[in-house]
Amino acid sequence: MGVYSEQVLPRIIDVACNLKESVPQRRRVCEGLAGDVVEIGFGSGLNVPFYPPAVTHVAAVEPADVGWKLAGKRLRATTIPVRRSGLDGESLPFADDRFDTALSTWTMCTIPDITAALRELRRVLKPGGTLHFVEHGLAPDERVRHWQHRLEPLQKRLFGGCHLTRPVVELLTDAGFTIREVDFFYEKGSPKFLGAHSLGVAQSP
Ligand SMILES: C[S@@+](CC[C@H](N)C(=O)[O-])C[C@H]1O[C@@H](n2cnc3c(N)ncnc32)[C@H](O)[C@@H]1O
């Protein structure tokens with residue numbers, strides 16, 4: 001971890017992930033979250049204003065100290081208790097079957113071993129618990145995929161290991177989740193290689 005990834009990148013993410021286009025997506029993905037929630041890749045807490053009142057507690061998992069610091073103003077503005085409870089989605093420090101629901105927004109692209117992270121989410125979610133997600137990933141169109149593969153090495157270098165070609169729904173089903181609902185769309189205002197989005201709810205068995 002150098003100065004760029006520790007100090008600069010979390011600030012870039014705080015701005016880049018806070019564009020107005022993301023607001024309706026954050027609102028939608030947070031709908032239905034309830035009870036004890038684990039959020040992986042919490043970043044600077046941009047989802048906090050969208051947690052529904054049915055959420056009783058959030059365990060935030062985030063490696064970047066600066067991200068957590070930037071979340072301060074959002075944490076002070078909510079009555080929902082949010083605790084930074086872990087540093088790495090690949091290895092969650094929680095008991096099995098602990099959480100009612102889970103949240104991941106634009107994080108599955110970045111966690112190095114996403115298969116391990118999804119296995120962990122399944123482990124800590126109660127049976128039937130749901131993972132709410134909005135993620136960019138592999139596009140359905142071959143022409144866009146071609147550019148995603150070409151640009152991915154640069155994207156990874158600039159944005160802390162962010163992949164462009166992860167097949168989000170396939171990863172979730174391979175991890176044993178059942179997709180309850182999913183919408184695929186290209187995000188308005190983003191280039192297609194970056195804007196191929198899946199937003200939905202996956203259920204743990
Ligand atoms: C593109 S940002 C998204 C942040 C936030 N979810 C949002 O919607 O604004 C990806 C986040 O994943 C975090 N991250 C990277 N590796 C991680 C890991 N192994 N476990 C959990 N989070 C990780 C990064 O620090 C960063 O905050």
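Reader: Which side chain makes a polar contact with the side chain of glutamate 39?
Author: This is a predicted model, in which local features need pLDDT of at least 70 and side-chain atom pairs count only at pLDDT 80 or more, while totals for chains, interfaces and linings use all residues. Residues are numbered from 1 along each chain as its sequence is written, and side-chain values use heavy atoms, with hydrogens and water left out. A polar contact is a pair of N or O atoms within 3.5 Å; within protein, one must be able to donate a hydrogen and the other to accept it, and residues adjacent in sequence count only if both atoms are side-chain atoms. At 2.8 Å, the partner of glutamate 39 is asparagine 47.

Reader: How far from glutamate 39 is the nearest side chain of opposite charge?
Author: Glutamate 39 is buried (under 20% relative accessible area, with exposed over 50% and partly exposed in between, 1.4 Å probe, protein chains only). Glutamate 39 has no salt bridge, a salt bridge being a side-chain nitrogen of Lys or Arg within 4 Å of a carboxyl oxygen of Asp or Glu. The nearest side chain of opposite charge is that of arginine 26, at 6.0 Å.

Reader: Which residue pairs with aspartate 65 in a salt bridge?
Author: The whole structure holds eight salt bridges. In this one the closest N and O atoms are 2.9 Å apart, and the partner of aspartate 65 is arginine 84. Aspartate 65 is in helix 3 (residues 65-70) and the partner in strand 3 (residues 82-86), so the bridge ties together parts 19 residues apart in sequence; helices (H or I, at least four residues) and strands (E, at least two) are DSSP runs, numbered from the N terminus. The partner is partly exposed, at 26% relative accessible area: arginine 84.

Reader: Why does cysteine 17 form no disulfide with cysteine 109?
Author: A disulfide is a pair of cysteine sulfur atoms within 2.5 Å, and a search of the whole structure finds zero. Cysteine 109 has the closest cysteine sulfur to that of cysteine 17, but the distance is too far for a bond: 8.2 Å.

Reader: What is the distance between a polar side-chain atom of glutamate 62 and an oxygen atom of the ligand?
Author: Glutamate 62 is among the residues that come nearest of the 16 around the ligand, where near means a heavy atom within 4 Å. Aspartate 88 places a polar side-chain atom 2.8 Å from a ligand nitrogen. For glutamate 62 and the ligand oxygen, the value is 2.6 Å.

Note on methods
Lys, Arg positive; Asp, Glu negative; His and termini not counted.
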